[in-house]
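Q: Please take a close look at one part of this structure, the interface of chain A and chain B, and then set it beside the spaces found elsewhere. A connected account for a newcomer would be welcome.

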Amino acid sequence: MDPISLIIFIAVGGVLIGAGVHFIPVGGAPAAMATATGVGTGTAMLAAGAGMTGLVTAASLTGQSMIMVMLLGAVGAMIMMAFTMLIANYIYVYGCGVVPASAKVDNDPITGRPQEIYCTPGTEGHGIPTVCFVSGVIGALMGGAGGGLVYFVVNDALTKASLAAPMAAAFAGIIAISVYFINAVVASYNIGGTIEGFHDPKFKARIGKGFIACLLASIVCGIFVYVLIGGI
Amino acid sequence: MADEKPVSSNMLLALGIIGGLLGIYLIGINPIIGPLLACLGGVCAIIWGANAIRSVAGYGLGTGVPSIGYMSLGIGILGGLSGLALVSLLKLPAIVSPILALVVALIIGLIIAVIAKKIVGMKIPVLIRCTAEIAGAGALSVVAFSTALAGSYTLSAIATSVILPGYIALFFIMNTMAIQEPFNACLGPNEDQRRTLTLAVANAFLAIVVVGLLAIPLGYAALLIIVVGFVGWLCSYKKFLKLSNEAAASVVWSGLWPKLEDQ
């Protein structure tokens, strides 16, 4: 694979990962106390869970076409993210006794149900309402597909450089994880901690800057991945 | 305690770089002691990284302490492996491999931190220096542990012994935890450098016990690593518990209980 294509593919993968993170309802510490909407942990944890599951599922289709690897990466990450949000919701509803509701919108954009009357006064919502859940699954789709793409192109480049298949897969896996974390955390810096999903006003305000930051970070990663592949 | 003079970041940087590189270079000294020295090099790098995390996360990242740890270790692994690969690409002598691994990780860390600062708009003054430092510490610690397992610091040896069996993924998470967890566990109003770094030492020794377990095929070298790691962990963790007890609020307010004979 020529260097320009490799760097472009890694940049596209990185941007998908970075954009995906903006969709995931990250609630952080306030959500852990059910005083903000989203899953009660940081981006790094959510990205690690969904991204790594996505990479494992993507790697299980090593040797298949790029679309298949990306799709399976996306499906793995979506399943992981959906389960994380579902179980978190069970804990919020049956453990904390709160109703999933968002304080950022008057009505849920998907179900149309009113949100404000269900928000506890003094909180910014709680639990994971439908719109956040759907947004989270979309985010995992993008992140998983991006991770799968990085895995595929690195594996492909290494295999074409006549490296044995298991070794190429091992290198591609660790490089994809590294690129995944770099982009996920740059994106989470851009979000500034917590976000509810695509309906959050923060989303529109920050996604542009996040796109540019992740694009540049991925291009840098791509250049060094090319050096690494050349050296192997 | 807090009234003691803190160790300067530059001194810990020197400890991490010199100790880490020395440990890696001494791998060939003896098949039994070499891997242990490489592991101890990794311990030095982890202490350096933990101090850098302490400096940067003290400002409040807004994304949690682990986030910068994961990102920097990602940079560290990418940079470390690229640095090792650069040696064969540029046909340089193998002896410069660990230095190149460190330098490339520092450079990528620097660039990503500049992106975070200039484009994302992070307002932490030490972000650039500390991200580069953590990435460098991550690269050195991973290369040191990999060298201990592979018996050499060349990319081909590390690829066969560490990357192919997937141990590199374990080192990624384990070293991230060892570097970021001390500050994450100790942060708060009465956090002090000595206690945080003591926990970092304990974590690093615990990590080398795991490296020792992976190195069992090497024979006696593994036993030595496990014993040293376990003894190191026991001593440092006991010290950490003592420091934690001393710092506990009730003790700070009322002093230690008087001994019976003093009453």
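A: The model described here is predicted. At the interface, 34 residues of chain A are in contact with 37 residues of chain B. Together the two chains bury about 3100 Å² between them, and 86% of that area lies on carbon and sulfur atoms. Three residues, A:Ile174, A:Tyr189 and A:Phe224, supply 23% of the area that chain A buries against chain B, which is more than any other three residues supply.

The helices of chain A give this side its framework for description. Helix 3 (43–59), helix 6 (165–191) and helix 7 (201–231) of chain A each supply at least two residues of the side that touches chain B. Of the elements of chain A, helix 6 gives the most to that side, with 15 residues. By class, the residues of chain A that touch chain B comprise 26 nonpolar, seven polar and one charged.

The polar side of the interface can be stated briefly. The rule finds zero salt bridges across the interface of chain A and chain B. It does find two residue pairs in polar contact there, both at pLDDT 80 or more.

Salt bridges do occur in the structure, which holds six over all chains. One of them can be followed in detail: A:Lys160 forms a salt bridge with A:Asp156, and the closest N and O atoms are 3.0 Å apart. Both A:Lys160 and A:Asp156 lie in helix 5 of chain A, where they are four residues apart, about one turn of the helix.

Beyond the interface, the empty spaces deserve attention, beginning with the enclosed one. The structure holds one cavity of 30 Å³ or more. The largest cavity has a volume of about 60 Å³. Its lining includes B:Gly76, B:Ile77, B:Gly80, B:Leu81 and B:Leu84, and also B:Ala139, B:Val142, B:Val143 and B:Ser146. B:Ile158 and B:Ile168 are likewise among the lining residues. Helix 3 (65–89) and helix 5 (127–150) of chain B are the elements that give two or more residues to this lining. Helix 3 of chain B gives the most, with five residues. The lining of the largest cavity divides into eight nonpolar residues, three polar residues and no charged residues.

The largest pocket is the other space to consider. About 270 Å³ of space lies in the largest pocket. It is lined by 15 residues, of which A:Val99, A:Pro100, A:Arg113, A:Pro129 and A:Thr130 are the closest to its centre. Helix 4 (66–96) and helix 5 (130–160) of chain A each supply at least two residues of the pocket lining. The largest share, three residues, comes from helix 4 of chain A. By class, the pocket lining has nine nonpolar, four polar and two charged residues.

Terms used:
Residues are numbered from 1 along each chain as its sequence is written. Chains are lettered from A and ligands numbered from 1 in the order in which they are written. This is a predicted model: local features need pLDDT of at least 70, side-chain atom pairs count only at pLDDT 80 or more; totals for chains, interfaces and linings use all residues. Side-chain values use heavy atoms; hydrogens and water are left out. Contact means heavy atoms within 4.5 Å. Buried area is the accessible area (1.4 Å probe) that two parts lose on being put together, summed over both. A salt bridge is a side-chain nitrogen of Lys or Arg within 4 Å of a carboxyl oxygen of Asp or Glu. A polar contact is a pair of N or O atoms within 3.5 Å; within protein, one must be able to donate a hydrogen and the other to accept it, and residues adjacent in sequence count only if both atoms are side-chain atoms. Ala, Val, Leu, Ile, Met, Phe, Trp, Tyr, Cys and Pro count as nonpolar, Asp, Glu, Lys and Arg as charged, and the others, Gly among them, as polar. On a 1 Å grid over the protein atoms alone, a cavity is a set of points where a 1.4 Å probe fits but cannot get out, and a pocket is an open set with protein on both sides within 12 Å along at least five of seven lines; lining residues have an atom within 4 Å of a point. Grid points are joined across faces, edges and corners, and a volume is the space filled by probe spheres set on the points.
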